[in-house]
Amino acid sequence: NLDISWIPEEDESLTTLDAPSPLIDDKDAIREEIICLVSEVLPDELDDVDDLLMQFEGREEKLRDALRGMQEHTLASEEAAEVEQNKKEVDQELGEGAREPTHANNDVSE
């Protein structure tokens, strides 16, 4: 007789066979995050994102981390530019040079 006991019965669940692997889900999530990050920090490269992913195959997490770093740098730069713009607007509202101390006599005579 042929042993077919390893074949599941019709009423048995195949969820372990049907369920996607967590590794695949993680890779898909990383890929989606990479695409979002590229669109934010390297929008000109968005058309080439598949090539980028192929170049970093097996190292997607490193690519993602690098893009996150670029995103943080971009956000910090934008924030610094916004602060500088706000300072200029305050200076304009108060009048030019209102924030800098004035000196009555800058001449040094001997």
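**R31 and D50**

I started with R31, which is partly exposed because its relative accessible area is 32% (buried means under 20%, exposed over 50%, partly exposed in between, with a 1.4 Å probe and protein chains only). This is a predicted model, where local features need pLDDT of at least 70 and side-chain atom pairs count only at pLDDT 80 or more, while totals for chains, interfaces and linings use all residues. Residues are numbered from 1 along each chain as its sequence is written, and side-chain values use heavy atoms, with hydrogens and water left out.

What does D50 form a salt bridge with? I found R31 as the partner, with the closest N and O atoms 2.8 Å apart (a salt bridge is a side-chain nitrogen of Lys or Arg within 4 Å of a carboxyl oxygen of Asp or Glu). This pair links distant parts of the chain: D50 sits in helix α3, R31 in helix α2, and they are 19 residues apart. D50 is also partly exposed, since its relative accessibility is 43%.

**The other bridges**

I searched the whole structure and got four salt bridges. E33, R64, D65 and R68 are linked in a salt-bridge network. Within that network I looked up R64 with D65, whose closest N and O atoms are 3.4 Å apart, and R68 with D65, at 3.9 Å. R68 and D65 both lie in helix α4, three residues apart, about one turn of the helix.

Is R64 buried or exposed? My note says buried, because the relative accessible area of R64 is 14%. D65 counts as partly exposed because it comes out at 41%, and R68 is partly exposed too, given its 31%.

**Around α4**

Helix α4 spans residues 60-94 and holds R64. Not counting residues up to four places away in sequence, R64 touches I30, E33, I34 and L37 (contact means heavy atoms within 4.5 Å).

L63 is found in α4 as well, and it is buried because its relative accessible area is 6%. With neighbours within four places left aside, I have L63 in contact with I34, L52, L53 and F56. L63 and L53 are 10 residues apart in sequence and 8.4 Å apart in space, C-alpha to C-alpha.

T74 has its place in α4 too. I logged T74 as partly exposed because its relative accessible area is 29%. Its C-alpha is 9.4 Å from that of E40, 34 residues away along the chain.

**An acidic patch**

Which residues form the negative surface patch? I listed D44, E45, D47, D48 and D51. Patch members have over 30% relative accessible area and no salt bridge; like charges are joined within 9 Å, nonpolar side chains (Val, Leu, Ile, Met, Phe, Trp, Tyr) within 5 Å. Asp and Glu count as negative, Lys and Arg as positive, with His and the chain ends not counted. The charge is placed at CG of Asp, CD of Glu, NZ of Lys or CZ of Arg.

I checked D47, which sits in the loop between α2 (22-41) and α3 (49-55). D47 is exposed because its relative accessibility is 75%.

**Whole chain**

I count four helices and zero strands (DSSP runs: helices are H or I, at least four residues; strands are E, at least two; numbered from the N terminus). Buried residues make up 11% of the 110 residues. Among contacts between residues at least 6 apart in sequence, 55% join residues at least 24 apart. The accessible surface comes to about 9700 Å², 50% of it belonging to carbon and sulfur atoms (Shrake-Rupley, 1.4 Å probe; for residues, only the protein chains shown count as cover).
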